Amino acid sequence: MCRAHGLTGAFGARAWTSPRRGPLYYPDAVTLTEEATADDVLTGIDRTAPGASVKDSHARLDLAAAGFRLLFEASWIHRPADLPAPPATGDWRRVRTPDELAAWALAWSGGDADEAALFRPALLDDPATTIVAGHAADGRILGGAVLTESAGVTGVSNLFTADGPEGPDGAEGPDGPPASYAWAGALAAAAPGLPVVGYEAGDDLDAALAAGFEPLGPLRVWLDA
């Protein structure tokens, strides 16, 4: 995502940092090991204005003394490579064109054009990134996800279902299809033979566990207020 926005971060021994403010909803620093310190993440990011964020991948840091507040806690999740994917329903396809990406992003954001602008066409040129969308019979996007291959795993992020009057089976429902619809479609599109990882919290974590994921451990995201 940072590359799609023209940003290049730096990998250190214990943390990744970006000297320029990252895209909306994406961290400016990420801890890479349990031994990462506050200095590892804070010295390489832009704090000239509020809003910088840090993903503490191992939930080991306390950044309150540095002026940050805990934004949320979540759990890493893992799905074994040999676990069959649940059967997908509906019409799931890979997003391939800028117009398709724009429609996907609007569905992901609930129609918020500013948030949808986060997803730039450069993402489509990244061979490690696959964006998938589930479609209703009338062409509306009912759900989607981003799949990223790296280091022998597939990461899943931005998984969503869209509100709408019709679910994938044609049944009326103002809340749209359930999360299981999106998990099934995303897992069907994931590269075979690789475990799938990500992170979720709350009801979204429950839906991931129901789709065959296992919790691995906690993470925290801190926001510079």
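# Notebook: strands, sheet and two residues

I started at V197, which lies in strand β10. The model I am reading is predicted. I looked up the cover on V197: its relative accessibility is 23%, so the residue counts as partly exposed. The cut-off for buried is under 20%.

Next I listed the contacts of V197. Setting aside residues up to four places away in sequence, V197 touches I77, H78, V153, T154, G155, V156 and F213. I checked one of these pairs by C-alpha distance. V197 and T154 are 43 residues apart in sequence, yet 6.2 Å apart in space.

**Entry: β5 and its partners**

I then asked which strand β10 pairs with over five bridges. It is β5, and the pairing is antiparallel. β10 spans residues 196–200. For a register point I noted R79, whose bridge partner in β10 is V196.

I followed β5 to β11 as well. Ten bridges join these two strands, which run antiparallel. β11 covers residues 214–224. Here F68 has D224 as its bridge partner in β11.

**Entry: the sheet as a whole**

I wrote down the strand order: β1-β2-β3-β4-β11-β5-β10-β9-β8-β7-β6. This is an open sheet of eleven strands with mixed pairing. β1 (10–11) and β6 (91–94) stand at the edges with a single partner strand each, so one side of each has no neighbour in the sheet. As a reminder to myself, strands of a sheet pair through backbone hydrogen bonds, either parallel or antiparallel.

**Entry: β6, β7 and β8**

I worked inwards from the β6 edge. β6 and β7 pair in the antiparallel sense over four bridges. D91 stands opposite H135 in β7.

On to β7 and β8, residues 129–135 and 141–150. They are antiparallel too, with seven bridges. I noted two register points: H135 stands opposite I141 in β8, and A133 has G144 as its bridge partner there. The two strands form a hairpin with five residues between them. In the turn, G139 has a positive phi of about 95°.

How many residues of β7 are buried? I found seven of its seven. In a regular strand the side chains alternate between the two faces of the sheet. I therefore split β7 by face, and both faces are covered. T129, I131, A133 and H135 are buried on one side, and T130, V132 and G134 on the other.

**Entry: S57**

I moved to a loop residue. S57 lies between β4 (53–56) and β5 (68–79). Is S57 buried or exposed? Its relative accessible area is 10%, so S57 is buried. Beyond neighbours within four places in sequence, S57 is in contact with V30, T31, W76, P218 and L219.

**Entry: whole-protein values**

I closed with the totals. The secondary structure comes to five helices and eleven strands. The radius of gyration is 18 Å, close to the 17 Å that the globule rule gives for 225 residues, so the protein is as compact as a globular protein of that length. Along the principal axes, the C-alpha atoms fill a box of roughly 55 × 35 × 30 Å.

Of the 225 residues, 41% count as buried. Among contacts between residues at least 6 apart in sequence, 62% join residues at least 24 apart. The accessible surface is about 11400 Å², and 54% of that belongs to carbon and sulfur atoms. For charges, I noted 15 positive and 31 negative, with mean positions 7 Å apart.

Key:
Residues numbered from 1 in each chain as written. Predicted model: local features only at pLDDT ≥ 70, side-chain atom pairs only at ≥ 80, totals over all residues. Heavy atoms only, no water. Buried < 20%, exposed > 50% of the residue type's maximum accessible area, 1.4 Å probe, protein only. Contact = heavy atoms within 4.5 Å. Rg over C-alpha atoms; globule rule 2.2 N^0.38 Å. Areas by Shrake-Rupley, 256 points an atom, 1.4 Å probe, with all protein chains shown as cover. Lys, Arg positive; Asp, Glu negative; His and termini not counted. Charge placed at Lys NZ, Arg CZ, Asp CG, Glu CD. Pairing = 2+ DSSP bridges.
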